[in-house]
Amino acid sequence: FWGAFDAAALDAGDERGALRGFVCGTLTLDERLCEESMSVHQPEGRTLCIHSVVVPEAMRRRGMGGWMLRSYLERVAEAGRVEQVL
């Protein structure tokens with residue numbers, strides 16, 4: 001899970017309104033996408049299955065989803081454990 005937060009809302013103490021979107025993924029030992037690889041998180045896995053990229057409807061078509069996915073994948077790459085992304 002990787003979230004994009006509204007810094008102004010956080011600074012104002014509005015934690016409930018601060019989340020603007022998120023990317024959800026699961027690590028698996030499997031090298032292919034299947035029901036099991038999407039339903040069981042295996043922390044030692046080397047394959048990352050992206051479940052979803054979620055952006056509020058009012059904020060869609062502005063590049064936010066692509067930015068979140070790129071940012072998430074950059075963090076994953078920095079960790080150096082994942083060999084493939086599905």
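These legends walk you through a few views of one predicted model.

**View 1. The whole chain, from strand to strand.** Welcome to the overall fold: the chain has 3 helices and 4 strands. If you trace it along the sequence, the pattern reads β-α-β-α-β-α-β. The C-alpha atoms fill a box of roughly 40 × 25 × 20 Å along the principal axes.

**View 2. Inside the chain.** Here we turn to the interior and the contacts. Of the 86 residues in the chain, 28% count as buried. Take the contacts between residues at least 6 apart in sequence: 49% of these join residues at least 24 apart.

**View 3. The surface and its charges.** Now for the outside of the chain. About 5900 Å² is exposed, and carbon and sulfur atoms supply 51% of that area. The chain also carries 10 positive and 13 negative charges, and the mean positions of the two groups lie 6 Å apart.

**View 4. A nonpolar patch on the surface.** Look for Phe1, Phe5 and Leu19 in this close-up. Together these residues make a nonpolar surface patch of about 320 Å².

**View 5. Leucine 19 in its strand.** This view stays with one member of the patch made by Phe1, Phe5 and Leu19. Leucine 19 belongs to strand 2, which covers residues 19–28. Its relative accessibility is 35%, so leucine 19 counts as partly exposed; the partly exposed class lies between buried, under 20%, and exposed, over 50%.

Technical notes
Residues are numbered from 1 along each chain as its sequence is written. This is a predicted model: local features need pLDDT of at least 70, side-chain atom pairs count only at pLDDT 80 or more; totals for chains, interfaces and linings use all residues. Side-chain values use heavy atoms; hydrogens and water are left out. Helices (H or I, at least four residues) and strands (E, at least two) are DSSP runs, numbered from the N terminus. Buried means under 20% relative accessible area, exposed over 50%, partly exposed in between (1.4 Å probe, protein chains only). Contact means heavy atoms within 4.5 Å. Accessible areas come from the Shrake-Rupley method with a 1.4 Å probe; for residues, only the protein chains shown count as cover. Lys and Arg count as positive and Asp and Glu as negative; His and the chain ends are not counted. The place of a charge is taken as NZ of Lys, CZ of Arg, CG of Asp or CD of Glu. Patches are made of residues with over 30% relative accessible area and no salt bridge: like charges are joined within 9 Å, nonpolar side chains (Val, Leu, Ile, Met, Phe, Trp, Tyr) within 5 Å. A salt bridge is a side-chain nitrogen of Lys or Arg within 4 Å of a carboxyl oxygen of Asp or Glu.
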